[in-house]
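Me: I should like to go through this structure and ask, for several of its labels, on what grounds each label rests. Please set each value against its criterion.

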Amino acid sequence: MSARTLGVCYYPEHWPRTVWQQDAQRMAEAGLTWVRIGEFAWSRLEPSQGDYRFEWLDEAIEVLGNAGLRVVLGTPTATPPRWIVDKHPDMLARDAQGHPRGFGSRRHYCFSHEGYKAEAVRITRKLAQRYGKNPHVAAWQTDNEYGCHATTISYSDAARSAFQGWLRARYGGDGNAGDIGALNAAWGNVFWSMEYDDFDQIDLPNLTVTEPNPAHSLAFRRFSSDQVVAFNRAQVDIIRTHSDAPIAHNYMGKITDFDHFAVGADLDIASWDAYPLGFLDESTSFDLAHKEKFSRQGDPDFQAFHHDLYRAVGQAGTAGGRWWVMEQQPGPVNWAPHNPAPLDGMVRLWTWEAFAHGAEAVCYFRWRQAPFAQEQMHAGLLRPDSADAAGMVEARAVAAELREAPAVAPVQSPVALMFDYDADFAWKVQPHGHGLSYFELVFATYRALRSLGLSVDIVPPNLRDFTGYAVLLMPGVMHVPDTLKHAVNAAQIPVVLGPRTAARDSEMSIPVPLPPAWDGLDMTVTAVESLAPGTPVPLPAGGAFTGYRERVETCAEVVETCADGWPAWVRDGHLSYLTGWGDAPALQRILGLICAQAGLETAALPDGVRRRDTGHERFWFNYDTVAHEVAGSVLPPISVTRAAL
């Protein structure tokens with residue numbers, strides 16, 4: 001159990017020294033505990049090569065610490081200054097068309113560039129040596145928002161060279177002399193005469209006449225993910241040499257192009273940056289009516305999904321379960337197509353929702369709205385003139401409530417939902433239908449579970465012990481190793497598979513025997529189809545399949561069929577397989593039946609109302625602008641209700 005705390009993101013380099021003391025005092029008086037600084041300050045820390053100017057940061061940390069605040073110090077590697085780009089002009093990432101991602105904003109580097117990695121290691125070492133034992137530096141953050149602005153995957157010369165080396169190591173070599181024949185066989189390069197004589201011939205999977213080999217594309221995505229892991233690990237190793245303080249990274253919403261579990265395994269704290277209104281407005285997941293209804297509240301499940309995802313990422317880390325919200329939206333943002341202000345009460349609701357999912361800290365972005373540069377339209381807790389903004393009122397209210405609230409009591413949820421970044425890579429490489437994605441399939445499943453009033457644990461694909469769970473769901477996990485199949489069978493709990501579960505082998509080929517080739521599930525997928533918008537396949541019991549479905553042969557129980565007679569839900573013992581992508585009514589109905597049969601309490605909640613259980617509290621969240629009666633109690637509009645369990 002740990003205390004719930006609040007924090008804020010602060011940029012002392014943006015403001016005169018004369019206001020630092022007053023800012024620190026106001027933060028403490030508002031009930032804030034944590035202050036994140038430094039992650040964008042490289043040009044002020046080292047304005048030219050070797051000209052280190054840490055005195056201002058020394059003073060800022062001292063001022064904040066003396067006010068009773070705890071500092072999260074960020075490494076500034078997301079914003080290399082201009083002189084570094086001039087020194088390493090080929091360090092810039094390149095997009096799929098070969099265009100450089102240039103200087104003038106942020107994240108302008110390629111993870112594969114060894115020269116830039118050396119610069120990042122150098123500045124991280126300088127910071128760790130200077131502040132590793134500073135009593136006010138109570139945590140660290142590596143870089144900032146890996147993958148933001150589509151910057152994980154780079155098609156640069158540095159990436160091509162590193163990819164070739166990665167392939168040599170993967171396909172039977174010692175890092176220098178791999179087996180090109182093994183690669184050709186694994187990728188099926190006999191097709192279209194794509195065979196290679198040497199690893200140096202292998203280009204990146206872009207600028208091809210038509211689609212590249214899916215095995216090639218999947219390998220490149222795996223490589224790109226590994227580059228993020230290696231870049232992050234280089235910083236973590238240095239910080240650990242000089243500091244005992246925990247290390248975090250702030251992930252993003254719906255960024256799936258690197259394996260967060262693999263990055264998180266090297267860290268102590270997983271955190272993410274929550275912007276509910278911006279995410280909803282730019283999302284393609286929701287129809288216009290839904291966006292209009294929740295335009296000032298955010299989707300009722302999107303934040304919760306990421307809370308549960310990053311709680312799982314935190315459990316993969318060295319500290320085993322710590323997670324934060326490093327940036328919480330306190331007002332309008334500046335980067336979405338439209339940027340409305342949240343309704344009164346939403347900042348408080350979002351904050352308590354994070355705590356209900358086990359967050360140790362929620363930090364608001366940012367302290368004072370900047371009057372200059374790209375984020376001048378992004379609200380903070382203070383206006384540019386330092387007067388309180390609307391979000392400050394709610395932050396103070398939460399701080400007062402926290403003084404009377406019990407500590408976080410994590411508890412295992414009854415339902416486990418697997419999320420596999422490698423499966424997301426595979427779906428991106430081969431979606432089979434426009435707009436189909438692994439993330440959306442898993443998120444649709446999560447939404448259905450939440451609409452039934454269930455608390456959910458998101459679990460990683462390397463989990464092999466499912467003790468304590470009543471139900472496990474694995475939709476769309478494209479490659480399922482035999483060890484995972486055996487562990488799932490051994491669990492002997494209701495398991496929901498499909499569609500596309502175990503549809504490919506580790507090299508992106510269709511396996512034979514045909515999928516899912518799962519002991520204990522007498523079923524074979526014989527054909528698949530993607531469905532155009534407006535052509536759903538109805539399920540007579542309610543709802544429909546949309547987007548994607550499979551034709552199967554089976555001797556197992558066919559629980560439901562589609563309207564045209566194809567099996568829709570196949571059950572063999574404790575294994576269920578859904579042969580298509582269910583819409584919301586279908587998923588809610590079918591998953592409700594499976595969970596109820598597993599002995600779980602379910603209830604169809606009103607749109608916008610959600611429930612979350614902790615170890616000793618039950619939370620009700622009403623995102624709606626009207627009151628709802630649930631479980632004998634009236635939930636006011638835009639409200640959080642807590643009750644002891």
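Reply: The model is a predicted one. The discussion may begin with the salt bridges.

Me: Why is the contact between E507 and R170 called a salt bridge?

Reply: The criterion asks for a side-chain nitrogen of Lys or Arg within 4 Å of a carboxyl oxygen of Asp or Glu. The side chains of E507 and R170 meet at 3.7 Å, N to O, so the pair satisfies the criterion. E507 lies in the loop between β12 (495-497) and β13 (523-530) and R170 in helix α6 (residues 157-170), so the pair ties together parts that are 337 residues apart in sequence.

Me: What makes E507 buried or exposed, and what makes R170 buried or partly exposed?

Reply: Buried means under 20% relative accessible area, and partly exposed covers the range from there up to 50%. E507 has 16% relative accessibility and therefore counts as buried. R170, at 37% relative accessibility, counts as partly exposed.

Me: How do you know that D266 and R233 form a salt bridge, and where in the chain do they lie?

Reply: The N to O value for the side chains of D266 and R233 is 2.8 Å, and the limit is 4 Å, so the contact qualifies as a salt bridge. This pair links distant parts of the chain, with D266 in the loop between α9 (260-264) and β6 (269-274) and R233 in helix α8, 33 residues apart. D266 counts as buried because its relative accessibility is 16%, while R233 is partly exposed at 36%.

Me: What makes E401 and R348 a salt bridge, and which helices does the pair tie together?

Reply: The side chains of E401 and R348 meet at 2.9 Å, N to O, which is within 4 Å, so the term applies. E401 belongs to helix α14 (residues 390-402) and R348 to helix α13 (residues 346-356), so the pair ties together parts 53 residues apart in sequence. E401, at 25% relative accessibility, counts as partly exposed, and so does R348, at 23%.

Me: Which residues are joined into one network by salt bridges that share partners, and how many salt bridges does the whole structure contain?

Reply: The network consists of D299, D301, E353, R447, R450 and R610. A search of the whole structure finds 47 salt bridges.

Me: How do you know how the span of helix α3 stands against expectation?

Reply: The expected span is 1.5 Å times one less than the number of residues. Helix α3 (residues 55-66) has 12 residues, for which 16 Å is expected, and its span from first C-alpha to last is 16 Å, close to that value. Within α3, the residues W56, L57, A60, I61, V63, L64 and G65 are buried. Elements covering these buried residues include α1 (20-29), β2 (34-37), β3 (70-74) and α5 (114-131). After α3 comes G68, with a positive phi near 90°.

Me: What makes the phi values of H149 and L207 worth stating?

Reply: Most residues other than glycine have a negative phi. H149 has a positive phi, near 65°, and is not glycine. L207 likewise has a positive phi, near 60°, in a residue other than glycine. H149 is placed in the loop between β4 and α6 and counts as partly exposed at 39% relative accessibility. L207 is in the loop between α7 (180-187) and α8; at 66% relative accessibility, it counts as exposed.

Me: Which peptide bond leading to P499 is cis, and which one leading to P513?

Reply: Most peptide bonds are trans. The bond from G498 to P499 is cis, with omega near -10°, and the bond from V512 to P513 is cis, with omega near 5°. P499 lies in the loop between β12 and β13, and P513 is found in the loop between β12 and β13 as well.

Me: What lines the second largest pocket, and how do its residues divide by type?

Reply: The pocket holds about 810 Å³ of space. Its lining has 30 residues, with E211, P212, N213, P214 and S217 nearest the centre. They divide into 15 nonpolar, 11 polar and four charged. Helix α8 gives the largest share of the lining, five residues.

Note on methods. Residues numbered from 1 in each chain as written. Predicted model: local features only at pLDDT ≥ 70, side-chain atom pairs only at ≥ 80, totals over all residues. Heavy atoms only, no water. 1 Å grid on protein atoms, 1.4 Å probe; cavity = no way out; pocket = protein on both sides within 12 Å on 5 of 7 lines; lining within 4 Å. Points joined across faces, edges and corners; volume = space filled by probe spheres on them. Helix = DSSP H or I, 4+ residues; strand = E, 2+ residues; numbered from the N terminus. Nonpolar A, V, L, I, M, F, W, Y, C, P; charged D, E, K, R; others polar. Buried < 20%, exposed > 50% of the residue type's maximum accessible area, 1.4 Å probe, protein only. Contact = heavy atoms within 4.5 Å.
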